[in-house]
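Q: Please take a close look at the site of the bound ligand in this model. What surrounds the ligand, and how is it held?

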Amino acid sequence: MKIERINLYHIRMDLRSPFETSFGRIHTRDCILIEGFCDGIVGYGECAADRDPGYSYETSLTAWHILRDFLIPSVLNKDIRNIPEFLKNIQSIRGHPMAKAGLEMVYWDLIGKIENRPIKGLIGGTYEKIKVGVSIGIQETPKQLVDTVNQYLSQGYARIKIKIKPGRDVGDTGAVRKAFPNIMLQVDANSAYTLETAENLLPLDNLDLLLIEQPLSEDDLWDHRQIQKQFKTPICLDESITSPRHARQAIEMEACKIINIKPGRVGGISQAIKIHNIAHTFDIPVWCGGMLETGVGRAANLSLSSLRGFTLPADISATERYYEEDITLQTFHLNQDSTIDVPTGPGLGIEVVPEAIKRATLDTLTIH
Ligand code: OSB
Ligand code: MG
């Protein structure tokens with residue numbers, strides 16, 4: 001399989017409602033859509049790096065640079081038959097997992113299309129529909145948060161995640177728990193605390209949360225271990241787990257009891273599967289996180305989540321939760337049982353809408 005030409009699209013899409021986390025509020029979401037041509041077949045990938053280095057050091061423009069100048073030249077016009085061969089070709093490039101994940105996704109899509117199998121089939125997934133929840137940003141007031149949670153519950157989401165930050169943590173979470181005593185509820189701090197300030201979060205331990213996601217810095221495995229010792233509630237790591245090795249070390253160190261797996265953050269579906277497998281051997285539950293992906297990245301996340309070990313509800317919501325107009329023909333709907341179907345078409349199982357891509361594109365580049 002030789003990719004002879006690649007188009008990059010720097011895309012910016014309007015969110016239906018602003019999304020606020022501990023690192024800032026966004027009204028739009030950037031990504032890079034990667035379109036690879038191979039013998040008349042077209043494969044797609046989404047690089048989830050956003051405009052700003054808030055969640056991760058990668059941005060749309062660092063990813064653009066790494067893709068254009070290093071990753072794509074390492075694979076273009078080379079005969080690459082499978083994902084291990086792809087990984088071999090890019091192994092000398094350090095870091096930049098989101099850029100790598102985006103390009104790897106093109107290969108997964110192409111392989112699936114050539115073999116006429118969905119990614120779920122390629123990776124040995126079993127679930128046909130994925131239990132999902134919704135991730136809700138910080139709202140103006142705790143009362144507005146309760147209203148927003150109520151709206152999503154009435155749409156059918158059975159698990160709610162709320163974003164927290166210092167000053168908007170215990171009060172907000174307590175208000176939601178008081179209004180909805182029985183829902184599955186979890187919080188995500190996106191690295192906003194230190195070992196010292198995390199003490200303020202101790203009352204969360206009495207709110208029957210499924211998990212507390214990433215309270216401390218991404219490079220702070222050891223202090224997460226200290227935090228986990230103080231809480232009955234499972235600590236779940238997101239930003240800190242960027243490779244299978246980190247996953248193993250975090251588990252061995254007892255820095256967490258649950259892992260959020262995002263293909264983008266860990267360098268692609270191949271690495272996500274490895275982390276899933278490592279977690280499984282330690283009996284650590286995993287779930288698939290999200291990064292407000294377009295239909296392209298969402299299809300990949302759903303396909304990955306079909307693996308057995310993904311037992312907790314994913315941060316994969318219906319298309320209408322994110323965007324007025326997506327770039328895929330397929331939209332993702334929430335089933336009555338708070339699930340979303342895994343795509344069944346070849347590869348990612350999606351088709352793109354060229355007109356929608358055009359409307360969202362800030363910059364394009366063809367490499368051949
Ligand atoms: O920390 O899980 C996160 C979105 C962008 C970046 C980081 C995160 C998130 C979310 C949204 O929580 C999950 C989704 O895609 O619905
Ligand atoms: Mg998170």
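A: On a 1 Å grid over the protein atoms alone, a pocket is an open set of points with protein on both sides within 12 Å along at least five of seven lines. A molecule sits in a pocket if more than half of its atoms lie within 2 Å of its grid points. The space taken by ligand 1 is the second largest pocket.

This is a predicted model, in which local features need pLDDT of at least 70 and side-chain atom pairs count only at pLDDT 80 or more, while totals for chains, interfaces and linings use all residues. Residues are numbered from 1 along each chain as its sequence is written, ligands are numbered from 1 in the order in which they are written, and side-chain values use heavy atoms, without hydrogens and water.

Ligand 1 is surrounded by 15 residues (a heavy atom within 4 Å), and the closest are S135, D188, N190, L292 and Y322. By class, this shell holds seven charged residues (Asp, Glu, Lys, Arg), five nonpolar ones (Ala, Val, Leu, Ile, Met, Phe, Trp, Tyr, Cys, Pro) and three polar ones (the others, Gly among them).

Three lysines make polar contacts with the ligand (a pair of N or O atoms within 3.5 Å). A polar side-chain atom of K161 lies 3.0 Å from an oxygen atom of ligand 1. For K163, the distance from a side-chain N or O atom to a ligand oxygen is 3.0 Å, and for K262 it is 3.0 Å. The protein covers 97% of the 390 Å² of accessible area that ligand 1 has on its own (Shrake-Rupley method, 1.4 Å probe).

Technical notes. Polar contact = N/O pair within 3.5 Å; in protein donor to acceptor, adjacent residues only side chain to side chain. 1 Å grid on protein atoms, 1.4 Å probe; cavity = no way out; pocket = protein on both sides within 12 Å on 5 of 7 lines; lining within 4 Å.
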